[in-house]
There are 2 protein chains.
Amino acid sequence: MSTTNKKAVVLSSGGIDSTTAMAIAKSEGYTIYSLSFRYGQRHSVEIESARKVAKAMDAAEHLILDLDLGKIGGSALTANIDVPKHDSTEELAAGEIPLTYVPARNTIFLSHGLAWAEVLKAGVIFIGVTAVDYSGYPDCRPEYINAYEKMANLATRAGVTGETRLKIRTPLMKLSKGEIIRRGIDLGVDYSLTLSCYDPDQKGRSCGKCDSCLHRKKGFKEAGITDPTVYV
Amino acid sequence: MSTTNKKAVVLSSGGIDSTTAMAIAKSEGYTIYSLSFRYGQRHSVEIESARKVAKAMDAAEHLILDLDLGKIGGSALTANIDVPKHDSTEELAAGEIPLTYVPARNTIFLSHGLAWAEVLKAGVIFIGVTAVDYSGYPDCRPEYINAYEKMANLATRAGVTGETRLKIRTPLMKLSKGEIIRRGIDLGVDYSLTLSCYDPDQKGRSCGKCDSCLHRKKGFKEAGITDPTVYV
């Protein structure tokens, strides 16, 4: 990466993973272009967290795009299906794709990131996916990210003119939730700004029982750090 | 393709290419799920053409999604940049990517198609791209489509569970505009329903001078068929 092009588009949900990915991008000297989506998710209050995070990270810009995924449906996050709740992390289904999976969500997110990166002439997109403590979503795996990067480099001007190659960076891919949080704390991340819950209440308090809350709790426990989240 | 899954998502702009691709899908026995986008294009009247086409083709559904590409910009079609006009097809720039290129547009379109295909359990997406009489857009080339298909099959449930593989079909890839029109006429397409112009007037009449109008005129001329388009 040349120093003449240190712009990075960072996909930001306002959660732990994307916030840590953003902190890593910042620590490497990138100018941050934060990208968030309102996609009809029931937890759209996460956008407020993403705003606070972008501000705390001195993002050059925080672009919030509206997506029409509600009309496509197929997920407990965008359709009228209850978000599954559990009493303990032992109940997180292993190897199954849960109801909260949103069809092609990361592909749609990355594709908007790709468009913005091309306009900004940014050479990198950061995405906070992890294949360790994750929800079993197919679009979080390294083989998917690699295939996306290959496609992306054929999709844009760069694929024709041989300009800057786009890199999709996934610095959390091999980290557990606890390791992600420890990494973020080392980089000075204030996790009280972040929100993980799929089904927060009207006041923005986390439910404490959805997949995402359970992964978050487990992470703080593993990291040996007090969880600053306000639960119901 | 088994006969138990003959659903096809067809990306439809209401123009000649996507309409012909839809006619081909229909002729192969697919049930048509037409997908169009309002993305801030100045020629959003094309959506009306897409509606007429979906009706004429007996589509099972015509989903119209709103995209927020205007905020990303970077194109004469979505930003405040004039659409280039020409007096003859000789002026169409060869080998250059024109101002009307919308960054990552086909990637964003296909990604929504991918999401919908997953929800519908459709095994095929048809897209009317062509690498012959085209505008030099990088996301119309076969190497791009092949890379997209590989990525798509890792992005969704199918990539994990080994369910139906998704196929991206590009039946027009090697056809000239004239050949596309002849193919469509053979299949009974009524091209008076379609609109190609990037910059139509308030009454929906085509400008006759943008890249897309010139390709359309050239196509009808080559096909030896009277152009039913109403030009300004």
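The following is a conversation about how particular descriptions of this predicted model are justified.

Reader: What is the pattern of helices and strands in chain A, read along the sequence?
Author: Chain A has seven helices and five strands, and along the sequence they follow the pattern β-α-β-α-β-α-β-α-α-β-α-α. Of the contacts in chain A between residues at least 6 apart in sequence, 72% join residues at least 24 apart, and buried residues make up 54% of the 232 residues.

Reader: What makes B:Met57 a buried residue?
Author: The cut-off for a buried residue is 20 or more other C-beta atoms within 10 Å of its own. B:Met57 has 20 other C-beta atoms within 10 Å, and therefore counts as buried. As for its place in the chain, B:Met57 lies in the loop between helix 2 (46-56) and strand 3 of chain B. Leaving aside residues up to four places away in sequence, B:Met57 touches B:Met22, B:Ala23, B:Lys26 and B:Ile32.

Reader: How do you know that strand 1 of chain A is largely enclosed by the rest of the structure?
Author: Strand 1 of chain A covers residues 7-11, and four of these five residues are buried, so the strand is largely enclosed by the rest of the structure.

Reader: Which strands of chain A pair with strand 1, and over how many bridges?
Author: For two strands to count as paired, at least two bridges between them are needed. Strand 1 of chain A and strand 2 (residues 31-38) of chain A are joined in the parallel sense over five bridges, and A:Leu11 has A:Leu35 in strand 2 as its bridge partner. Strand 1 is also joined to strand 4 (residues 124-126) of chain A, running parallel to it, by three bridges. Within that second pairing, A:Val9 stands opposite A:Ile125, while A:Val10 has A:Phe126 as its bridge partner.

Reader: How does the chain cross from strand 1 to strand 2 of chain A, and what is the hand of this crossover?
Author: The path leaves strand 1 of chain A, passes through helix 1 (residues 16-27) and arrives at strand 2, and this β-α-β crossover is right-handed. Helix 1 of chain A lies across strand 1, strand 2 and strand 4, and runs at about 170 degrees to strand 1 of chain A.

Reader: Why are strand 3 and strand 5 of chain A said to stand at the edges of the sheet?
Author: The five strands of chain A form an open sheet in the order 3-2-1-4-5, with parallel pairing. Strand 3 (61-66) and strand 5 (167-169) each have a single partner strand, so one side of each is left without a neighbour in the sheet. Neighbouring strands of this sheet are turned by 25 degrees against each other on average, direction ignored.

Reader: In what order do the strands of the open sheet in chain B stand, and which helices lie on them?
Author: In chain B the order of the five strands is 3-2-1-4-5, again an open sheet with parallel pairing. Strand 1 (residues 7-11) and strand 4 (residues 124-126) of chain B pair in the parallel sense over three bridges, and B:Ala8 stands opposite B:Val124 in strand 4. Helix 1 (residues 16-27) of chain B packs on this sheet, touching strand 1, strand 2 (31-38) and strand 4, and its direction makes about 170 degrees with that of strand 1. Helix 2 of chain B lies across strand 2 and strand 3, running at about 175 degrees to strand 2 of chain B.

Reader: Why is the relation between chain A and chain B called that of a two-fold axis?
Author: A turn of 180 degrees, with a shift of 0.0 Å along the axis, lays chain B on chain A with an RMSD of 0.0 Å. That is the relation of a two-fold axis.

Reader: How do you know that the copies meet through the same surface?
Author: Of the interface residues of chain B, 100% are also interface residues in chain A, so the copies meet through the same surface. In this interface, 35 residues of chain B are in contact with 35 residues of chain A. The largest share of the side of chain B that touches chain A, nine residues, comes from helix 3 of chain B. The residues of that side divide into 20 nonpolar, seven polar and eight charged.

Conventions. Residues are numbered from 1 along each chain as its sequence is written. Chains are lettered from A and ligands numbered from 1 in the order in which they are written. This is a predicted model: local features need pLDDT of at least 70, side-chain atom pairs count only at pLDDT 80 or more; totals for chains, interfaces and linings use all residues. Helices (H or I, at least four residues) and strands (E, at least two) are DSSP runs, numbered from the N terminus. A residue is buried if 20 or more other C-beta atoms lie within 10 Å of its own, exposed if 12 or fewer, and partly exposed in between; C-beta atoms are placed from the backbone. Two residues are in contact if their C-beta atoms, placed from the backbone, lie within 7 Å. Ala, Val, Leu, Ile, Met, Phe, Trp, Tyr, Cys and Pro count as nonpolar, Asp, Glu, Lys and Arg as charged, and the others, Gly among them, as polar. Copies are superposed by least squares on the C-alpha atoms of residues with pLDDT of at least 70 in both. A crossover is right-handed if, with the strands pointing away from the viewer, the path from the first strand over the helix to the second runs clockwise. Axes are lines fitted to C-alpha atoms, for helices over the stretch in contact, and angles run from 0 to 180 degrees between N-to-C directions.
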